[in-house]
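Reader: I have some labels here that I'd like to see justified. Could you walk me through them?

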Amino acid sequence: MNDFMFYLRMGWDHIVSKDALDHQLFILVLIAVYTIQDFKKVLILVTAFTIGHSLTLALSVFDILRVPSAWVEFLIPCTIAITALINIFGKNNVQKQMKLNYSLALFFGLIHGMGFANSIRITLAKEQSIATGLLGFNIGLELGQIVVVLAVLIILFLLTTIFKLDRKNWIMFVSSGVFALSLQMALERIPF
């Protein structure tokens, strides 16, 4: 049980720590088109991200997949920037955007999972029960994402009800800001 809790905490920290800005930005921009009433849809969305993330981690731990970390660190902010751009240009068709987000979450989850794969590979390779470590990490990751999602949706609810912020303006504001930050990250991480 101690191993499980260790990995659960590691998964939690992977999302909620101050060093997890790239994941937090991705979740923020991914859910920017949703409201508190879409909470069940958002849970499915972040679970799709976790599934993609988990697949990459498992493939890495079993040494089936290895991607140079410099490329992964560059691709992660690229996925965030792409998601932000899709929000910006698709803000007038939110329903279509929501459907596209499930595919983005799964596919980009694969890329984001590679970002942590090198670190966790060493730790999990030493364990006798890799399944316990992966399960604990992924549950911690999912719990952290749910907390971030709830915080964002509550903030959006308050902004739209109390301050009468227009939803399209919210999408533009969040997506533009996240795009600028992720573009800067990508430019700083160009691997060549």
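**How the labels are earned**

Author: Sure, let's start with Met185, which counts as buried because its relative accessibility is 11%; buried means under 20% relative accessible area, exposed over 50%, and partly exposed in between, with a 1.4 Å probe and protein chains only. This is a predicted model, where local features need pLDDT of at least 70 and side-chain atom pairs count only at pLDDT 80 or more, while totals for chains, interfaces and linings use all residues. Residues are numbered from 1 along each chain as its sequence is written, and side-chain values use heavy atoms, with hydrogens and water left out.

Reader: Where does Met185 sit, and what is it in contact with?

Author: Met185 is in helix H7; helices are DSSP runs of H or I with at least four residues, strands are E runs of at least two, and both are numbered from the N terminus. Contact means heavy atoms within 4.5 Å. Leaving aside neighbours within four places in sequence, Met185 is in contact with Leu21, Asp22, Leu25 and Pro77. Pro77 is 108 residues away along the chain, yet the two C-alpha atoms are separated by 6.0 Å.

Reader: Why is Ala48 called buried?

Author: Its relative accessible area is 12%, so by the under 20% cut-off Ala48 is buried. Ala48 lies in helix H3 and touches Tyr102, Ala105 and Leu106, not counting residues up to four places away in sequence.

Reader: How do you know that the span of H3 agrees with what it should be?

Author: The expected span is 1.5 Å times one less than the number of residues. For the 23 residues of H3 that gives 33 Å, and the end C-alpha atoms are 32 Å apart, so the two agree. Just after H3, Asp63 takes a positive phi of about 60 degrees.

Reader: What makes the buried residues of H1 line one face?

Author: The buried ones in H1 are Phe4, Tyr7, Leu8, Met10, Gly11, His14 and Ile15. Seen down the axis of H1, they fall within an arc of 160 degrees, so they line one face of the helix; the arc is that of the directions from the helix axis to the C-beta atoms. As background, an α-helix has 3.6 residues a turn, so residues three or four places apart point the same way.

Reader: What is in the largest nonpolar core?

Author: A nonpolar core is a set of buried Ala, Val, Leu, Ile, Met, Phe, Trp, Tyr and Cys residues joined through side-chain atoms within 4.5 Å. The largest one has 37 residues, and Ile31, Tyr34, Ile80, Val149 and Trp170 have the most contacts inside it. Its largest share, seven residues, comes from H5. Apart from this core lies another, of 10 residues, including Ala117 and Phe137.

Reader: Why is the chain called as compact as a globular protein of its length?

Author: The chain has seven helices and zero strands. Its radius of gyration is 17 Å, close to the 16 Å that the globule rule gives for 192 residues, so it is as compact as a globular protein of that length. That radius is taken over C-alpha atoms, and the rule is 2.2 Å times the number of residues to the power 0.38. Buried residues make up 45% of the 192 residues.

Reader: How much of the contact count is between residues 24 or more positions apart?

Author: Such pairs account for 87% of the contacts in the chain with a separation of 6 or more.
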